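Trainee: I should like to go through this model and ask, for each label, what justifies it.
Mentor: Please do; we shall set each value against its definition.

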Amino acid sequence: MLKIITTIAFFVCSLMSAQNVNLTVSVSGLKNNTGVLKVGLYNSEGTFLKSIYKSIRSEIKENGAKVTFEGIPKGEYAISVYQDENNNGKLDKNVMGIPSEDVACSNNAKGFMGPPKYKDAKFDIEKNQIIEIKF
């Protein structure tokens, strides 16, 4: 009986993991290797640049970094990254609210008179994938 339950549990887990994918984010073009790179993954327009779905921080080497979000559900996402140069754990802004640390988004989306829009940064992921972001 235990063998049957174990087999069923293994089968269900393998089906569930088959629906998940790995997303690698390759970032290049940083101006230096100071601080850390913070990568935020967003899973909806309503949360974009407000509430991170998942995040990873990475050491910067050779003016870039590479991180992987493992086992995320297939679907629509957007990414924002910033170089936390002073390693204080937050995106620093000036008195006008404009970031004073370098920031970039997936699809190299740029904002006009404000941050980039979700529709410009979003992408679909259906299989293991690499997204490249250039500063």
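Trainee: What makes strand β1 and β4 a pair, and in which sense do they run?
Mentor: Two strands pair if DSSP finds at least two bridges between them. Strand β1 (residues 20-28) and β4 share 7 bridges in the antiparallel sense, so the criterion of at least two is met. Within this pairing, Val-25 stands opposite Val-67 in β4. Strands here are DSSP runs of E with at least two residues, and helices are runs of H or I with at least four, numbered from the N terminus.

Trainee: Which strands form the sheet, and in what order?
Mentor: The open sheet has 3 strands in the order β4-β1-β8, with mixed pairing. Its edge strands are β4 (65-73) and β8 (129-134), each of which pairs on one side only. On average, neighbouring strands of this sheet are turned by 20° against each other, direction ignored; the axes are lines fitted to C-alpha atoms, for helices over the stretch in contact, and angles run from 0 to 180 degrees between N-to-C directions.

Trainee: How far may these features be trusted, and how are residues numbered?
Mentor: This is a predicted model, in which local features need pLDDT of at least 70 and side-chain atom pairs count only at pLDDT 80 or more, whereas totals for chains, interfaces and linings use all residues. Residues are numbered from 1 along each chain as its sequence is written, and side-chain values use heavy atoms, with hydrogens and water left out. The mean pLDDT (the predictor's confidence in each residue, from 0 to 100) is 89, and 87% of the residues reach 70 or more. Over residues 5-17 the pLDDT is below 50, and this stretch has 0 contacts (heavy atoms within 4.5 Å) beyond near neighbours in sequence.

Trainee: Why is the pair of Tyr-42 and Phe-48 called edge-to-face?
Mentor: Rings of Phe, Tyr and Trp (its six-membered ring) pair if their centres lie within 6.5 Å; planes under 30 degrees apart count as stacked, over 60 as edge-to-face and the rest as tilted. The ring centres of Tyr-42 and Phe-48 are 5.3 Å apart and their planes stand at 80°, so the pair is edge-to-face.

Trainee: Why is the pair of Phe-48 and Tyr-118 given that name?
Mentor: Their ring centres are 5.6 Å apart and their planes stand at 65°, so this pair is edge-to-face. It links distant parts of the chain, 70 residues apart: Phe-48 is in the loop between β2 (36-42) and β3 (54-59), and Tyr-118 is in helix α2 (residues 118-121). Tyr-42, Phe-48 and Tyr-118 form one aromatic cluster.

Trainee: Are Tyr-42 and Phe-48 buried or exposed, and how do you know?
Mentor: Buried means under 20% relative accessible area, exposed over 50%, partly exposed in between (1.4 Å probe, protein chains only). Tyr-42 has 5% and is therefore buried; Phe-48 has 6% and is therefore buried.

Trainee: Why does Gly-75 count as buried?
Mentor: The relative accessibility of Gly-75 is 18%, so Gly-75 counts as buried. Gly-75 lies in strand β5 (residues 75-84). Leaving aside neighbours within four places in sequence, Gly-75 is in contact with Phe-123, Asp-124, Ile-125 and Glu-126. The C-alpha atoms of Gly-75 and Asp-124 are separated by 5.5 Å, although these residues are 49 apart along the chain.
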